[in-house]
Amino acid sequence: MNWSEQEKKNSALEAVKQIKDHQIIGLGTGSTAFYAIQAVGELVKSGMSLQAVATSVHTENMAAELGIKLLKPEEVKEIDLTIDGADEFDSALNLIKGGGGALFREKIVASLSKKEIIIADSSKMVERLGKFKIPVEVVPFGLSYVTQQLKKAGAICYLRERNDKVFLTDNQNYIIDADFGLLDDPAALAEKLNQIEGVVAHGLFIHLATQVIMGKGDHVVIYDGN
Ligand SMILES: O=C(CO)[C@H](O)[C@H](O)COP(=O)(O)O
């Protein structure tokens with residue numbers, strides 16, 4: 001396993017230590033969350049009674065294979081603890097998420113969660129957010145309008161594709177990867193994006209993370225939010 005995979009795994013295993021019996025757990029999406037989902041599967045196998053809400057169809061399938069009982073978000077009032085990855089995080093624990101395209105469900109699950117733990121390898125920590133383009137999930141009907149609004153706001157826009165076809169999210173929407181350059185004020189940009197009709201969700205997660213657990217070499221560093 002290379003160093004970044006080891007850091008991802010270490011951060012995931014550290015986060016999973018916080019899970020208690022009978023809790024409802026939010027399961028993230030991506031290559032870091034993968035290690036957490038595997039570990040939650042182990043806890044269930046060892047006899048812990050846990051239920052989970054998944055942030056994507058991919059995660060749902062993985063959890064089902066591991067015997068983790070799944071709930072739909074509409075069946076829960078709140079989630080005790082969510083463990084998810086991120087594409088970038090800063091010292092205020094603001095995030096860019098959505099590299100895997102699951103940003104809408106991830107944001108709903110994070111918003112339902114009492115505790116949102118972000119797990120990451122050390123490459124994800126940045127001084128200023130924005131090197132990673134901001135994923136913006138858009139209803140297909142609104143693609144032209146939203147693209148124009150994002151451009152007016154200063155972004156260079158890329159419609160996400162996979163295998164030479166337009167990428168479709170689990171919600172059958174498109175993703176525009178919006179390059180705003182390095183951000184001076186992520187919260188202000190998040191507010192601006194919230195105002196655009198046709199935007200389902202964007203990848204700026206402001207004040208949603210409770211804690212970031214970052215793998216660094218063979219240990220982990222924990223950053224707590226305020
Ligand atoms: O937001 C996400 C998916 O929508 C992921 O959490 C993010 O892309 C990080 O992924 P990885 O752990 O594979 O680097």
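In this predicted model, Asp 164 is found in the loop between strand 10 (161–162) and strand 11 (165–166). The backbone of Asp 164 adopts a positive phi of about 65°, although the residue is not a glycine. Asp 164 is exposed, because only 5 other C-beta atoms lie within 10 Å, where 12 or fewer count as exposed.

A positive phi at a residue that is not a glycine also occurs at His 207, with a value of about 55°. His 207 lies in the loop between strand 14 (204–205) and strand 15 (211–216). With 14 other C-beta atoms within 10 Å, His 207 is partly exposed. A further positive phi, of about 110°, is taken by Gly 47, just after helix 2.

Helix 2 spans residues 31–45 and has 15 residues. The distance from its first C-alpha to its last is 22 Å, close to the 21 Å expected at 1.5 Å a residue. The buried residues of helix 2 are Thr 32, Ala 33, Phe 34, Tyr 35, Ala 36, Ile 37 and Val 40. The elements that cover these buried residues include helix 1 (3–16) and helix 3 (57–65). Strand 1 (24–27), strand 2 (51–54), strand 4 (81–84) and strand 7 (116–121) are also among the covering elements.

The packing of helix 1 against helix 2 was examined next. The two helices pack at an angle of about 45°, and their axes are 8 Å apart. Helix 1 is therefore oblique to helix 2. Helix 1 passes helix 2 in a right-handed crossing. On the side of helix 1, the contact is made by Lys 8, Lys 9, Ser 11, Ala 12, Leu 13, Ala 15 and Val 16. Helix 2 contributes Ser 31, Thr 32, Tyr 35, Ala 36, Ala 39 and Val 40. Sorted by class, the residues of this contact are 8 nonpolar, 3 polar and 2 charged.

Ala 39, one of the contact residues of helix 2, is partly exposed, with 19 other C-beta atoms within 10 Å. This count falls short of the burial cut-off, because a residue is buried if 20 or more such atoms lie within that distance. Apart from residues up to four places away in sequence, Ala 39 touches Ala 12, Leu 13 and Val 16. These three residues are among those that helix 1 brings to its contact with helix 2. Ala 39 and Gly 181 are 142 residues apart in sequence, and their C-alpha atoms are 36 Å apart in space.

Strand 7, one of the elements covering helix 2, contains Asp 121. Asp 121 is buried, with 21 other C-beta atoms within 10 Å. When neighbours within four places in sequence are left aside, Asp 121 is in contact with Ser 4, Glu 7, Lys 8, Thr 32 and Gly 215. Of these, Thr 32 is one of the buried residues of helix 2, and Lys 8 takes part in the contact between helix 1 and helix 2. Asp 121 and Glu 5 are 116 residues apart in sequence but 7.6 Å apart in space, C-alpha to C-alpha.

Burial was also assessed for helix 4 (residues 103–112). Of its 10 residues, 7 are buried, so helix 4 is largely enclosed by the rest of the structure. The buried residues of helix 4 are Leu 103, Phe 104, Arg 105, Glu 106, Lys 107, Val 109 and Ala 110.

Note on methods. Residues are numbered from 1 along each chain as its sequence is written. This is a predicted model: local features need pLDDT of at least 70, side-chain atom pairs count only at pLDDT 80 or more; totals for chains, interfaces and linings use all residues. Helices (H or I, at least four residues) and strands (E, at least two) are DSSP runs, numbered from the N terminus. The expected span of a helix is 1.5 Å times one less than its number of residues. Two residues are in contact if their C-beta atoms, placed from the backbone, lie within 7 Å. Axes are lines fitted to C-alpha atoms, for helices over the stretch in contact, and angles run from 0 to 180 degrees between N-to-C directions. Angles under 35 degrees count as roughly parallel, over 145 as roughly antiparallel, 65 to 115 as roughly perpendicular and the rest as oblique. A crossing is left-handed if the near helix is turned anticlockwise from the far one by less than a right angle, and right-handed if clockwise. Ala, Val, Leu, Ile, Met, Phe, Trp, Tyr, Cys and Pro count as nonpolar, Asp, Glu, Lys and Arg as charged, and the others, Gly among them, as polar.
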